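Work through the exercises below with the coordinates open. Try each task before reading its solution.

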Amino acid sequence: MDFMTILQLSDSSLRLATPLLLACLAGLFSERAGIFDIGLEGKMLAAAFFSAAFAFTTQNVWIGLSVGIIASVTLSLLHGLASITFRGNQLISGVAINFLASGMTVVIAQTWFSQGGRTPALSGPARFEEFVLPGASSRIRDIAQQDPLGQVYSELLSGHSILVYIALLIVPLTWWILYRTRFGLRLRAVGENPAAVDTAGISVVWLRFAAVMICGVLCGLAGAYLATGLSAGFVREMSAGRGFIALAALIFAKWRPWEALGACLLFGFLDAVGNRFQNIELLTFLNLVFLFVVLVGAIMLVLRAIAIARGKGKTRALTGPAIALGVGLLFSIGLPMLDPDGGLSATLNNIVLPVQFMQALPYILTVVILAGFVGRAIPPRAGGEPYVKER
Amino acid sequence: MTTMKSLLGAAAALAFSAAGALAEPAIIFDLGGKFDRSFNESAFNGAERWAEETGGTYREIELQNDAQREQAMRRLAEAGANPIVMAGFSQASALEVVAPDYPDTTFVIIDGVVDAPNVQSIIFSEHEGSYLVGMLAGMASETGTVSFVGGMDIPLISRFACGYAQGVVAADPEATVIANMTGTTPAAWNDPVRGGELTRGQIGQGSDVVFAAAGGTGLGVLQTAADEGILSIGVDANQNYLHPGMVLTSMIKRVDVAVYDAFSADTIEPGIFVYGLAEDGVGYALDEFNQELITEEMIAAVDAAREQIIAGELSVHNFTDDGTCPVEMQ
């Protein structure tokens, strides 16, 4: 596996992780305020359709994006109305939104465009073009000619749609809002103990509606990115389960923004690997897995070391990433030492994982994570419960 | 009461006259949808051409999910439609069940084979058409690496891939062919995002011509190829117009001709009918959108190969005969 392949995989992971990340952060705001939202999928789908439809008719992607966000926020308000105002069951309301979006988008698309439930293909100003940083090449063939540093710059850092950069910026923004503002504190409190917030004289209903609307805006961005950035137009069911994977990522991340970024990148990476390597040899697959472990371990180690240097966090927090890094390095260095004649490598190389396995991997992982394999995930305590002022 | 009676009477008269009239033909489109710019749309165009030329009307059903297949066939058969054309290989298993129940109705299935006395099975020699566009790809490629994106991983699509690879190697024996399938479920016909990602990966491996045989997914492949500045090849319908100057050619499969023929035939013979190069059932597209991409030499070479295949001097291996391909693909 050469350097360019690794770069392309990372590049593809970033692209595929973006809609997951936006949806995951959307869910984070909503669930942290105590409103479970399995309607992420439906909201993304509705936003994808409306953004594509309006981007096509107005030939302006920004108008498309705005309409997509409005559509998604409207569904959010519907969810809020059902589960906050009328204290309905949040899961049922979410399922209803998914069904509604799935049917409605196709019917409206058929009425407006008569193209079998899709929008016409978008081009030019109706689409988010690649955002090329100064001095970077945009075509893969030119990039392959550059030196490694230039390749990282052109392939990985440059050449994404503007929404990818926005999504990445929303992660620290979310962290700041949740942990450094009064609004964030109240939002978290309303998900843990709404009665306490109410006692302090703050409106629980208003806070929860605010959270649900932020969720709508972020889902709108995710949907618009799917239809106008990642591909060129809306097709039936194009969200393809990403809303549910985002929920799994949210649980994996234990409802925290930075961890959400990591979880979404992991799912994006698996998706990218499934696309790139169909019928992968076991050895290559293991190499990839350990490569990822080493990368994540190293990044986490640096981040936590910085936190400790600044007097926050405990030394104990370093053990996890250090073990990951160690195991990854041990494998990459240890395998050739254990296996001087290459017999084991050859065996591993002969075992070919079928494409079905690779494409099922994100879903298998979702099941494993949801089964609680990775630590204990404790949801916000008041999640799923409608707030009743007096009992 | 009297109103009710006259209404009922009118309804009965209507029903009678409908039965007495000449039976309407019908068509069932597959999951990709009537406007997939590809296979189903081509079938739709054939039906429309028939309606325009004869002034007749036809019934149609667009399937939304797999469970509807049998129901849709029965509904049309019981409504008296004849013949009923089924577009798409995935309708074969449902048709096997339905056909014996309606011995007086003639069914035509495209891309699938059903052995029944009232069914005509139409198959296309996709490997031959793919061979021709493969030659064009081999000649147009500058890097010596070309690629293929298939839809669902089924033998029919491997037939496209294998014919394509043989054509590429015939034009450039040193060439490398990369082949990827989008998925293993019918959703693979409608996933332009994954199609685009696969294409990017192939470009990274050096490909500069990509052939998409993937229904709606192919739109994502063609889009990415145009964005990245490489050539692409469309499928089924002529897709050259989608990105003028960036689509090298299209592997045309005249599904429209098959539908048109079925609708206008007086009697439809049961059995298997093959639309090959000789019948103009498959071929490559040349129009104002790609004329600058294809040189005289390329046309001469491809047309020579076409003549040889028709004359039987050149045989293109058909993947579905034995499940193997003589050319190695990555």
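The model is predicted.

**Exercise 1. Place strand β10 of chain B among its neighbours.**

Task: Determine which strands pair with β10(B), and in which sense.

Step 1. Start with strand β9 of chain B, residues 231–236. It pairs with β10(B) in the parallel sense, over five bridges.

Step 2. Look for a residue match. V235(B) stands opposite M251(B) of β10(B).

Step 3. Turn to strand β12 of chain B, residues 282–284. Here the pairing with β10(B) is antiparallel, with three bridges. M251(B) has Y284(B) as its bridge partner in β12(B).

Step 4. Check the burial of β10(B), residues 247–253. Seven of its seven residues are buried, and the strand is mostly covered.

**Exercise 2. Trace the open sheet of chain B.**

Task: Give the strand order of the six-stranded open sheet in chain B, then find its edges.

Step 1. The order is β2-β1-β3-β4-β5-β11, and the pairing is parallel.

Step 2. The edge strands are β2 (59–62) and β11 (271–275) of chain B. Each has a single partner strand, so one side of each lacks a neighbour in the sheet.

Step 3. From one strand to the next, the twist averages 15°.

Step 4. Inspect one pairing. β1 (residues 26–29) and β3 (residues 84–87) of chain B run parallel and are joined by three bridges. I28(B) stands opposite M86(B) in β3(B).

**Exercise 3. Classify A311(B).**

Task: Is A311(B) buried or exposed?

Step 1. Locate the residue. A311(B) lies in helix α10 of chain B, residues 296–311.

Step 2. Count its surroundings. There are 9 other C-beta atoms within 10 Å of A311(B).

Step 3. Apply the cut-off: a residue with 12 or fewer is exposed. A311(B) is therefore exposed.

Step 4. Compare sequence and space. A278(B) is 33 residues from A311(B) in sequence, and their C-alpha atoms are 8.8 Å apart.

**Exercise 4. Describe the overall form of chain A.**

Task: Why does chain A count as being as compact as a globular protein of its length?

Step 1. Take stock of the secondary structure: 16 helices and four strands.

Step 2. The radius of gyration of chain A is 22 Å, and the globule rule gives 21 Å for 391 residues. The two values are close, so chain A is as compact as a globular protein of that length.

Step 3. Add the box. Along the principal axes, the C-alpha atoms of chain A fill roughly 75 × 55 × 40 Å.

Step 4. Of the 391 residues of chain A, 45% count as buried. Among its contacts between residues at least 6 apart in sequence, 79% join residues at least 24 apart.

**Exercise 5. Analyse a helix pair in chain A.**

Task: How are α1(A) and α10(A) oriented to each other?

Step 1. The helices are α1 (residues 3–32) and α10 (residues 204–230) of chain A. Their axes come within 7 Å and cross at roughly 170°.

Step 2. Angles over 145 degrees count as roughly antiparallel. α1(A) and α10(A) are therefore roughly antiparallel to each other.

Step 3. Examine the contact. The α1(A) side includes L22(A) and F29(A), and the α10(A) side includes L218(A) and Y225(A). By class, this contact has 17 nonpolar, three polar and two charged residues.

**Exercise 6. Survey the interface.**

Task: Which element of chain B gives the most to the side that touches chain A?

Step 1. In all, 26 residues of chain B are in contact with 22 residues of chain A.

Step 2. Elements of chain B that give two or more residues are β7 (176–183), α7 (192–204) and α8 (217–228).

Step 3. α7(B) gives the most, with 10 residues.

Step 4. The chain B side divides into seven nonpolar, 12 polar and seven charged residues.

Technical notes: Residues are numbered from 1 along each chain as its sequence is written. Chains are lettered from A and ligands numbered from 1 in the order in which they are written. This is a predicted model: local features need pLDDT of at least 70, side-chain atom pairs count only at pLDDT 80 or more; totals for chains, interfaces and linings use all residues. A residue is buried if 20 or more other C-beta atoms lie within 10 Å of its own, exposed if 12 or fewer, and partly exposed in between; C-beta atoms are placed from the backbone. Two strands pair if DSSP finds at least two bridges between them. Two residues are in contact if their C-beta atoms, placed from the backbone, lie within 7 Å. Ala, Val, Leu, Ile, Met, Phe, Trp, Tyr, Cys and Pro count as nonpolar, Asp, Glu, Lys and Arg as charged, and the others, Gly among them, as polar. The radius of gyration is taken over C-alpha atoms; the globule rule is 2.2 Å times the number of residues to the power 0.38. Axes are lines fitted to C-alpha atoms, for helices over the stretch in contact, and angles run from 0 to 180 degrees between N-to-C directions. Angles under 35 degrees count as roughly parallel, over 145 as roughly antiparallel, 65 to 115 as roughly perpendicular and the rest as oblique.
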